[in-house]
Amino acid sequence: MTDVSSPAQREILTWDLFGSASRELARAIHDDGYRPDLIISIARGGLIPAGAISYALGMKNVHVLNVEFYTGVDERLPMPVMLPPVPQPVDLSGATVLIIDDVADTGGTLDLVRRFCEGHVKETRSAVIYEKSRSIVKCEYVWKRTDQWIDFPWSSQPEIG
């Protein structure tokens, strides 16, 4: 396990910085001329970025795939697992898709979702706030690259209860 106990060993994303990051990602997607038919948000980490980017792009067609991989700080399952309900691939037929997550860490989650879409969609591209060098998926849209553990404002506080 990586030592992430010190704030110096972490990337800290504040709510204000997140606002800038999501607008910059949306601007990059728009300026690139990519006009997806729908967004797939990878839950849970991708929910908030996907919402912000969908608003910035004026897109209302947002789907959610719930993928479990992380079980704790720098602790994960051997492989990512899609949790129900899983959308029917026919719902994606021929679409151009933008897959959004908070981070491409190992890339396992993004890879699983891309493979799920293969053969059903016209094209997929991915957008993340952070991408790590070890990621097996290289995203088309990345706000920042880092190899540090990331504290996201929506998940850095302990659970209530």
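In this predicted model, E140 is partly exposed, at 38% relative accessibility. Its partner in a salt bridge is R114, with 3.0 Å between the closest N and O atoms. Because R114 belongs to helix α3 and E140 to the loop between β6 and β7, this salt bridge ties together parts of the chain that lie 26 residues apart in sequence. The two partners fall into separate accessibility classes: R114 has a relative accessibility of 18% and therefore counts as buried, the limit being under 20%, whereas the 38% of E140 places that residue in the partly exposed class.

The contact between R114 and E140 is one of the salt bridges of the structure, which holds 10 in total. Another is formed by the side chains of D105 and R134, at an N to O distance of 2.2 Å. This pair also links distant parts of the chain, with the two positions 29 residues apart in the numbering. D105 is located in the loop that runs between β5 (96–104) and α3 (108–117), and R134 in the loop between β6 (123–131) and β7 (141–145). With a relative accessibility of 5%, D105 is buried. R134, in contrast, is partly exposed, its relative accessible area being 43%.

A further salt bridge joins the side chains of R125 and E123, with 2.8 Å from N to O. E123 has a relative accessible area of 28% and is therefore partly exposed. Both residues also take part in a network of salt bridges, in which they are linked with D32.

Apart from these charged pairs, the packing of two helices was examined. Helix α1 spans residues 15–31 and helix α2 spans residues 47–57. Their axes come within 9 Å of each other and cross at roughly 50°. Because of this angle, α1 is oblique to α2. The crossing of α1 past α2 is right-handed.

On the α1 side, the contact involves W15, F18, S22, R23, L25, A26, I29 and H30. These residues meet I48, P49, A52, I53, A56 and L57 of α2. By residue class, the contact of α1 with α2 comprises 11 nonpolar, 2 polar and 1 charged residues. The charged residue is R23, in α1, while S22 and H30, also in α1, are the polar ones.

Technical notes: Residues are numbered from 1 along each chain as its sequence is written. This is a predicted model: local features need pLDDT of at least 70, side-chain atom pairs count only at pLDDT 80 or more; totals for chains, interfaces and linings use all residues. Side-chain values use heavy atoms; hydrogens and water are left out. A salt bridge is a side-chain nitrogen of Lys or Arg within 4 Å of a carboxyl oxygen of Asp or Glu. Helices (H or I, at least four residues) and strands (E, at least two) are DSSP runs, numbered from the N terminus. Buried means under 20% relative accessible area, exposed over 50%, partly exposed in between (1.4 Å probe, protein chains only). Axes are lines fitted to C-alpha atoms, for helices over the stretch in contact, and angles run from 0 to 180 degrees between N-to-C directions. Angles under 35 degrees count as roughly parallel, over 145 as roughly antiparallel, 65 to 115 as roughly perpendicular and the rest as oblique. A crossing is left-handed if the near helix is turned anticlockwise from the far one by less than a right angle, and right-handed if clockwise. Contact means heavy atoms within 4.5 Å.
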